[in-house]
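Hi,

Here is the structure I said I would pass on. Have a look at it first, and my notes follow underneath.

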Amino acid sequence: MGRRLRDGLGLLVVRGEVGSVSVPLEIAASYRARTKGLLGREGVEGAILLSPANSVHTFRMRIPIDVAYLDRHLVVLAVRTMKPGRLGMPRVRARHVVEAEAGAMGGWGLRRGVRVEVLAEGDAVE
């Protein structure tokens, strides 16, 4: 990723075998926004991108979530489903983490090896 992201809204674009899926995305790039993440929410509309990040936890969360670890080229390294009250292991090569409601990522075709795009407030991020 050539430039640093800022807190805000955007789209997560997943290009699969059948076509592409655009998912509403909340971008959490500041320490404060990353720390809050999905804590205390009953659900999430779309997904949230934590950047930079290489691990997450689900303490004080109310819902199970899907977690995708992305490398610096936005390629998915792993996708895991985490129940509330868990601590995820850090991924050494991960630079970004995407979180969504449990089960959502499978429907988007988000899996290991897929490269995603982040469109942040009208700008393409490579």
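Arg62 is exposed, with a relative accessible area of 52%, so it clears the 50% cut-off for that label. One thing to keep in mind for this and everything below: the model is predicted. Arg62 belongs to the loop between S3 and S4. Its C-alpha atom is 9.0 Å from that of Gly85, a residue 23 positions away along the chain.

There are other things to look at in that loop. Arg60 is also found between S3 and S4, and it has a positive phi of about 65 degrees even though it is not a glycine. Arg60 is exposed, with a relative accessible area of 68%. The loop between strand S3 (47-50) and S4 holds Pro52 as well, and the peptide bond leading into Pro52 from Ser51 is cis, with omega near -5 degrees.

Now to the strand that follows the loop. S4 covers residues 65-70, and six of its six residues are buried. Which residues point which way from S4? Ile65, Val67 and Tyr69 point one way, while Asp66, Ala68 and Leu70 point the other. That fits the general rule that side chains in a regular strand alternate between the two faces of the sheet. Here the residues pointing either way are buried, Asp66 included.

S4 has two partners to check in your viewer:

- Strand S5 (residues 76-82) runs antiparallel to S4, and six bridges join them. Ile65 stands opposite Met82 in this pairing.
- Strand S6 (residues 96-101) is antiparallel to S4 too, again with six bridges. Asp66 stands opposite Ala100 there.

Last one, and it's worth a look if you care about backbone torsions. The hairpin of S4 and S5 has five residues between the strands. Leu74 sits in that loop and has a positive phi of about 65 degrees, although it is not a glycine. Is Leu74 buried or exposed? Leu74 is buried, with a relative accessible area of 0%. Arg60, with its positive phi of about 65 degrees, is exposed at 68%.

If you want a place to start, try Leu74 in the loop between S4 and S5, then go back to the cis bond from Ser51 to Pro52.

Cheers

Methods:
Residues numbered from 1 in each chain as written. Predicted model: local features only at pLDDT ≥ 70, side-chain atom pairs only at ≥ 80, totals over all residues. Heavy atoms only, no water. Buried < 20%, exposed > 50% of the residue type's maximum accessible area, 1.4 Å probe, protein only. Helix = DSSP H or I, 4+ residues; strand = E, 2+ residues; numbered from the N terminus. Pairing = 2+ DSSP bridges.
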